[in-house]
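Trainee: I have the model open. Can we go through the labels and check each one against its definition?

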Amino acid sequence: MAGKRILITGAAGFLGSHLCDRFINEGFNVIAMDNLITGDLRNIEHLFKLENFEFYHHDVSKFVHVSGDLDYILHFASPASPIDYLKIPIQTLKVGSLGIHNLLGLAKEKKARILIASTSEVYGDPNVNPQPEEYWGNVNPVGPRGVYDEAKRFQEAMTMAYHTFHGVETRIVRIFNTYGPRMRLNDGRVLPAFIGQAIRGEDLTVFGDGSQTRSFCYVDDLIEGIYRLLFSDYVYPVNIGNPDEITIKEFGEEIIKLTGTKQQLITKPLPVDDPKQRRPDITKAREILGWEPKVSRAEGLKITYEYFKSLPTEVIEKIEHKDFTSYNK
């Protein structure tokens, strides 16, 4: 694969930056693209000095041009934090519709294989646990989370249409809760929220009674699954995640134990349409890709906690969520 060219959208984000690292290490020429609404150049600044890395500050909801040959595309541009996509709902819908249309068109023109980042959120608040790929989901299209859920569901449908109608080589990964270094501490997701509160000496906020479940996959495991899927021959969605399920209350207690702090768990009302269960059925990943997670939650949390502790004080203390005012005019 050395010398092959790959375009990675959302490259300055949490997952995008780790994908850049992986494909650089595999000898690819990486073209990174991000409009930096939720991404951060600090996640990829260590790559700027490399000859086989280039960065374009661009919004993929607008026409996307890449000169020369292109072998692969990874479409990871999208807000992923619930607070993010509730603050920028239109941009979230556009990147999952206009953005995927532009990139599928590029893949068709360049005869490139494209892998898109879908999400466990396509299952909504599931009536089935664990969730297999054949489950169609229980999604409220007009609820507050619909802007993200339906953008991803449309993205999957558009991808399959380009595959069946135009013969484009496509792959779809459904990503379950993932964590690790380079997550934004104040992005609103439960893991960075808990660790940030613990580091600052605050009580940990649990929404609802804490009985809802999540399954957390360490980022290195996820990247390996994505890498294997890209080079597989399977065109239908594949769940990539860790099936080790835990309640939010138990998870909060784990974080308190990990950080050695004395905080309490406090409860607040559960947000609208917040899923009660989230656990992947990874039978397909095991059988088709020979993949399953290797990093235990205890090991992954320790690495992630050390990363968050190493952040500058002003980052740790910044509780306010990212300001999107300039993008919403």
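Mentor: Start with the domains. This is a predicted model. The centres of domain 1 and domain 2, taken over C-alpha atoms, are 25 Å apart. Domain 1 supplies 23 residues to the contact, and domain 2 supplies 22 residues.

Trainee: Which stretches make up domain 1 and domain 2?

Mentor: Domain 1 is 5-179 + 216-240. Domain 2 is 190-214 + 244-276 + 296-327.

Trainee: What makes a residue count towards the contact?

Mentor: Heavy atoms within 4.5 Å. By that cut-off, 23 residues of domain 1 and 22 residues of domain 2 qualify.

Trainee: How much area do domain 1 and domain 2 bury between them?

Mentor: About 1,900 Å², with 59% of it on carbon and sulfur atoms. On the domain 1 side, R145, Y179 and F216 lose the most area to domain 2. Together they account for 35% of what that side buries.

Trainee: Now the helices. Why is helix 3 called roughly parallel to helix 4?

Mentor: Helix 3 (residues 89-110) packs against helix 4 (residues 146-166) at about 15°. Angles under 35 degrees count as roughly parallel. Therefore helix 3 is roughly parallel to helix 4. Their axes lie 9 Å apart, and the crossing is right-handed.

Trainee: Which residues of helix 3 and helix 4 meet?

Mentor: In helix 3, they include L93, I100 and L104. In helix 4, A151, F154 and M158 are among them.

Trainee: How many residues of each class does the contact of helix 3 with helix 4 have?

Mentor: It has 11 nonpolar, 8 polar and 1 charged residues. Gly counts as polar here, so G96 and G105 of helix 3 fall in that class.

Note on methods: Residues numbered from 1 in each chain as written. Predicted model: local features only at pLDDT ≥ 70, side-chain atom pairs only at ≥ 80, totals over all residues. Heavy atoms only, no water. Axes fitted to C-alpha atoms, helices over the stretch in contact; angles between N-to-C directions. Helix = DSSP H or I, 4+ residues; strand = E, 2+ residues; numbered from the N terminus. Parallel < 35°, antiparallel > 145°, perpendicular 65-115°, else oblique. Left-handed = near helix turned anticlockwise from the far one by under 90°. Domains from an automatic or database assignment. Buried area = accessible area lost by both parts, 1.4 Å probe.
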